Amino acid sequence: MTQYKIIKFNRLGAFILMIGLILGTTWIIFSGRSNSMTQAMLAGPATSAQQQLTDQSQGIVGTVLSLTGNQMPSVDGNDRRSHPQPVSTKIWIFSGKIMGSGSPRWPVAVASQHPAFVGWTTSNAEGQFQVGLVPGEYTVLAQYDSDLYLNSFLGDGSYSSVQVTSAKVTDIELVNTENAAF
Amino acid sequence: MGGARGAYSRDRNTIYLAASSLEVDNLTGLQGTLIEEVGHYIDTLLNPDGETPGDEGELFRSVVLGNALGDAELLQVRAEDDFGVITLDGVAIAVEQDNSLTSARNIGTLIGTQTFTDFVGSTDTNDYYRFNVTATSNFTLGLNRLSADADVQILNSAGVVLQSSLASGTNPEAITRTLTPGTYYARVYPFWGSTNYNLSLSAVPRDSAGNSLTTARNIGTLSSTQTFTDFVGSVDTNDYYRFSVGTTSNFSLALNGLSADADVQILNSAGVVLQSSLASGTSPESIRRTLTAGTYYVRVYPFGGNTNYTLALSAPAVPTIPDSAGNTLGTARNIGTLSGTRTFTDFVGSVDTNDYYRFSLGTTSNFSLALNGLGADADVQLLNSAGVLVQSSLASGTNPESITRTLASGTYYVRVYPFNGSNTNYSLSLSASPPSQFNSTYGYGLANAAAAVARATGQTTPFASVPDLGGNNWGNDLVNAPEAWARGYTGRGVVVAVIDSGVDINHQDLRNNLWTNSREIAGNGIDDDRNGYVDDIYGWNFGIGQNNNNVLPGTTSSGQGHGTHVAGTIAAANNGIGMTGVAHGSRIMSLRMGNVDNSGRFTNGGSLAQAIRYAVDNGARVINMSLGWPDSPELRSALAYAASRNVITVSAAGNETQSSPGTPARYATEWGVSVGAVNRDRVIASFSNRAGSNSQMQHVMAPGVQVYSTLPGNRYGFLDGTSMASPHVAGVVALMLSANPNLTSAQVRSILTSSATRLA
């Protein structure tokens, strides 16, 4: 199991040192890995009114990645294959499940009007982000230009959601495969 | 009172006495019984809350009467010997009931020797053993190690004594006789005193068939069906039968009625094995082949356990078929202009060494030939009008022969001939159809299930259109799968192997459409079906160092979820959840090639050739390979092997925008099918490898952009790639085979390409 050690860093947020985090090569992992923590305080998302929601002792940490080029499973020794690239972008958070529209893309103009919108955070140059949330179910999408994007759905057609539970951090990856060929 | 002499009821506070108590002497009869039941009464006074271990009445009687109890008796009384329950005055009462036939120790089927140690005496006057004999057997009973006189009997199922042994004193007892199938009892009882004993029971089924070639049961000349019932097992490891046939005959063998795994072989007069049948478990065995005149042996032998069996043998003479095909080019059977499919049945062998057929083509055509129904090895050739060889098919044994190629207009001959003079009937199918226009980009065009499945059933016109499903099922619509579903063809009965990164076998849309190996017992560490793979229930992981039966995606890298996406496109259930597979009635055999890193490479890829052979040998009719692999002789040999068994390999063309397919798709010039990707507007995907310049390349197109399918963890998602196009075609092939399981590899390739919708 992934182990986290979390140290409170300043009043605006928390610096998270993740020891032994198995980055691996996960993609679209939405089932998540929840981990106990005792002292974590994650900064809440910023709302559309530019308000910073309160710090929380549970939430989501994640990585935004993009895959490109030929990704067909092979034994070909092709060194030109690209590796997942981190994406620095805005992360949108909605409460509950959001029904998909038959596409991974969801126009920002539409999404921003959705009543379940909670707020957003951003991923850094390594594609990593963290956000403190009250316990509950959330849908998390990454922004690409004028669209939000999440290529993971449930059997009823809704976007895959994330469960945040008390005093635990849920780990996800948001992978864009639009420019990859399998 | 069920054999009891007395009983004490706690509920009624009453001692009951059987009338038989008065018929024996005072100490063991009325007096002893009364004392014993008083003992039980005292027990209830001291232990009002319930029964305590041991027979208090027996102990009380022994103390009062001053009877010494032997060690064995004491052990038994301490435990309890109230074996029976009777109902008196409406309440159940435990009683010290005599052993009887109904309470006999059941030892089940007696094969070989079983030994029992026990005690009989004043407190246990009968020991009964019940057993079954399933085949006429030589039965022996031995009773020894006696310290007092005891006797023994064998009784039939009605309790009638068949034989007794009444040796005096402590001399051993013995019974030997033949027992026919049925239920029997052995009774051990004291004649005087009490004694421990050692009882051995043995039943060895009679062996009507010899255990070697030289002692084989000779059944003479075999023609019509003869049936034999016998036994093989630990005490009879071989049954041989000898027979002869006077002329070329269609030999048939069936081994049924098995209660344990047994196998069977046919051998020639020199004892060389000609053919074996090695079905697993109690599945019937069968052998069918043509035998020339001579002497043969059948060997029946156990694989594990003991079993009776019924062996049926027949060898009717091969009927003489009129020779409708000439023996030379000049006398060839002229079938005129070949259009569509024509089928001919005939014979070649030692007395008819050549069958020639002559046909003509009015225009360049896709030609295919299939030779089936062989009882012995025969080969086939295609020759041009001058008698010059164009192409041969030289498959070994009774494997089907096939030739598929494009032929220019003109006259041609087909020659069928026996290999090594073997005699065989055959069924020859010849078909010719105008070729689809081969295109270096799109190959033969977009796979079309409505036309291909119709052709598979012998219809020349495609199935009628049905409304599109729309939405994320656009891929099914593009290959016209719903048109085949509407006719009842969903891939049912067809196993599709997905050689890939593993499959989430727990996915809600896949778990009910998985192939499982019914001949294997899960988790017992034994290769039950002897296919070379232990506990391969869901398939196999061929990743090097990972041969651990784990077909689930092993990592969370992008490529590791790949196989689940591919499997969903083929066979995701039509259940209103997520999406629906092209052949949702088919079943997925998952063959995982190893771990995939975050660049899509197998880090420990196993042998693709072995995976292909596994799929073929374990019942797959279609193999999807959405992967890239290095070329090797082993891989080519495996692809050829699949084709020779009429298993269709469907391979993704590759995603490098190359002018021709990569490996293994490139071998679709000879075996299987190559698949490129188009988008929903039927335009080739920018990444898709092209068909190339060789029209022998059986290359078709299928949806491969924004394909929605299953992902591990009950999820779904969109992916692009020829990996997504290939399973659409694998699904179409499964639909074709569910409509006509007898299609050969050559016929599937020909129908698939000739029925494809032209794209340009």
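**Entry 1: a four-stranded sheet**

I began with an open sheet in chain B, in which four strands follow the order 24-31-26-29 with antiparallel pairing. The model I am reading is a predicted one. Which strands stand at the edges? I found strand 24 (340–348) and strand 29 (401–407) of chain B there; each has a single partner strand, so one side of each is left without a neighbour in the sheet. From one strand to the next, the twist averages 15°.

**Entry 2: the pairings inside the sheet**

I then looked up strand 26 (residues 365–372) of chain B, which pairs with strand 31 (residues 424–433) of chain B in the antiparallel sense over seven bridges. Within strand 31 of chain B, Leu428(B) is the residue that stands opposite Leu371(B). A helix also packs on this sheet: helix 11 (residues 745–754) of chain B touches strand 26, strand 29 and strand 31 of chain B. The direction of helix 11 makes about 155° with that of strand 26 of chain B.

How many bridges join strand 26 of chain B to strand 29 of chain B? I noted seven, and these two strands run antiparallel. Here Leu369(B) stands opposite Ile403(B) in strand 29 of chain B. Is strand 29 of chain B mostly covered or mostly open? It is mostly covered, since five of its seven residues are buried.

**Entry 3: one residue, Leu430(B)**

I chose Leu430(B), which lies in strand 31 of chain B. Is Leu430(B) buried or exposed? The cut-off for a buried residue is 20 or more other C-beta atoms within 10 Å. Leu430(B) has 22 within that distance, and it is therefore buried. Leaving aside neighbours within four places in sequence, I listed its contacts as Leu338(B), Arg342(B), Phe359(B), Leu369(B) and Val414(B). I also checked Gln747(B): its C-alpha atom is separated from that of Leu430(B) by 10.0 Å, although the two residues are 317 apart along the chain.

**Entry 4: the nonpolar cores**

I recalled a general tendency: in soluble globular proteins, nonpolar side chains tend to be buried together. The largest nonpolar core has 150 residues. Which of its members touch the most other members? They are Ala447(B), Val453(B), Val496(B), Ala615(B), Val733(B) and Met736(B). Helix 10 of chain B gives the most to this core, namely eleven residues. I followed Val453(B) further: not counting residues up to four places away in sequence, it touches Phe463(B), Ala484(B), Tyr489(B), Leu735(B), Met736(B) and Ala739(B). Apart from the largest core lies another, of 28 residues, including Leu338(B), Leu374(B), Ala376(B) and Val414(B).

**Entry 5: where chain B meets chain A**

I turned to the interface, where 43 residues of chain B are in contact with 33 residues of chain A. Strand 40 (715–719) and helix 10 (722–739) of chain B each supply at least two residues of the side of chain B that touches chain A. The largest share of that side, five residues, comes from strand 40 of chain B. By type, the residues of this side of chain B divide into 24 polar, 13 nonpolar and six charged.

**Entry 6: chain B as a whole**

Finally, I recorded the totals. Chain B has eleven helices and 40 strands. Of its 760 residues, 48% are buried. Among contacts in chain B between residues at least 6 apart in sequence, 73% join residues at least 24 apart.

Key:
Residues are numbered from 1 along each chain as its sequence is written. Chains are lettered from A and ligands numbered from 1 in the order in which they are written. This is a predicted model: local features need pLDDT of at least 70, side-chain atom pairs count only at pLDDT 80 or more; totals for chains, interfaces and linings use all residues. Two residues are in contact if their C-beta atoms, placed from the backbone, lie within 7 Å. Ala, Val, Leu, Ile, Met, Phe, Trp, Tyr, Cys and Pro count as nonpolar, Asp, Glu, Lys and Arg as charged, and the others, Gly among them, as polar. A nonpolar core is a set of buried Ala, Val, Leu, Ile, Met, Phe, Trp, Tyr and Cys residues joined through C-beta atoms within 7 Å. A residue is buried if 20 or more other C-beta atoms lie within 10 Å of its own, exposed if 12 or fewer, and partly exposed in between; C-beta atoms are placed from the backbone. Two strands pair if DSSP finds at least two bridges between them. Axes are lines fitted to C-alpha atoms, for helices over the stretch in contact, and angles run from 0 to 180 degrees between N-to-C directions.
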